[in-house]
Amino acid sequence: MRVKKRIELEKIKTFKNELTLGTPDENDGNPDITTETPDCGVEFMLEGETLAGHGPQSAATIIDENGKLHSNMGGWPEVEVAFTVAESDIARVNAWFDDNYQGVSTPESALLQKNRTAAVHNALKTYFSAAHSSNLFTSPFRIGWRYRYSDNSLSEMHDCGSLDCFHTAPRLPVTTHQLTDKYLHTRAQVRNVPARLNYRFKSSPDFSGIRNKISAVEVYITKQASLYAPEAEVTGIRSITIDGSPRRCWHYERYAENDIGLLISQDNDFRRIAVIAIDEIEENDEFSPLPIAPGALTDFSKLPKPDSTTSEEPSMTGKKIKLLTEPLHLDYPEDEKSVRCVTLRGVFQRETVKLRLYASQHRENRHLIASTTGPYLYGICGSKWRWFEIEIEATMREGDFFEAVTFEFNV
């Protein structure tokens, strides 16, 4: 069976090194040497919490779009969406809830469009502001860390990829509604998880060897992604399938998941969100809340960038980087596969990129089975393996990025 599989690089673990000129590289004899930052073993996780002032009034089991259960939440957050309704729009608004459009003959008023849009936007803004004031994350973002060395310099950024509980703007299913002669009052769930950013340190022999040279580990994030446009139109209430059942939901224009993912992958404006002193770093199986200053998420622009005494995040213009993916089973973990073609996607200089394909049966003793210059690997030998890794090497310009790797293979 022939299969084509696209792997988004931001959704898997990757290991990136910067290459400096001067010494032969062990893989191909080119005059490069890899300078890497030893991994400190830090891991990050989002854990949902009940947001004060936002319910819930209805109990529910909260599972996010990644399949993670948030046991600290007893139900979905809730908001109120309420506004005045003109007499000419009463029949139409009633029909939003009972689908009985008999007697709805005139177009809706401009006032109805204006009032419902303002009410939904205000409810969302109130929810997001409350969450961020409590240092709870609501939207996808990228996260990474640096070492602060004893001489007060900083290491290069170790990019850990993106974190989120939901990939798009929240659905707003209506739980209750009341329509009087002049006023519509609704209460709606916010299908979103306000989440605490937690961390832990796992064992890392490489880190142990340089621990005495480090004063702290600094954690950096990018701005949480915008999930909808500020001027997004609210079209009313529609029936949408949620948890397998139709629900009446406030409907508004939301950004597509792919567009949000692309915006996140292109955002390199990292700001410092926390500092973990070296004497506070201990190996632990349990996650703990990251020590974030109160109100730090209310204004991202005020979060500090690396200071002037550090090695700022370098421009990649004319710099070579090497990126290695984690072992990939391509959604067939138990089957041996024969890769026929590999294609690298993104924005980069095609003539500078080098691809290497490694394979193994048990994620150890890997073998180099193909390499090329350029973003395409063709003519790969027909041997079958269970696990594959891609190594990418390229000279990067400002704004360049790797987006995905597409595999074509036989199972």
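**Reading two sheets and a buried arginine**

Q: How many bridges join S6 to S7, and how do these strands run?
A: Strands of a sheet pair through backbone hydrogen bonds, either parallel or antiparallel. Here, 4 bridges join S6 to S7, and the two run antiparallel; pairing requires at least two DSSP bridges. Strands are DSSP E runs of at least two residues, numbered from the N terminus. One facing pair is Arg-142 and Ser-162, the latter in S7. This is a predicted model, with local features needing pLDDT of at least 70 and side-chain atom pairs pLDDT 80 or more, while totals for chains, interfaces and linings use all residues. Residues count from 1 along each chain as its sequence is written, and side-chain values use heavy atoms, leaving out hydrogens and water.

Q: In what order do the strands of the sheet with S6 and S7 come?
A: Follow S7-S6-S11-S14, an open sheet of 4 strands with antiparallel pairing. S7 (158-163) and S14 (271-277) are at the edges; each has a single partner strand, so one side of each lacks a neighbour in the sheet. From one strand to the next, the twist averages 25°, an angle between N-to-C directions (0 to 180 degrees) of axes fitted to C-alpha atoms.

Q: Is Arg-148 buried or exposed?
A: Arg-148, in S6 (residues 141-149), is buried, at 7% relative accessible area. Buried means under 20%, exposed over 50%, and partly exposed in between, using a 1.4 Å probe and protein chains only.

Q: Which strand is joined to S1 by 7 bridges?
A: That is S22 (residues 401-410), running antiparallel to S1. Look for Glu-8 opposite Ala-404 in S22. Both strands belong to the open, antiparallel sheet S1-S22-S17-S20.
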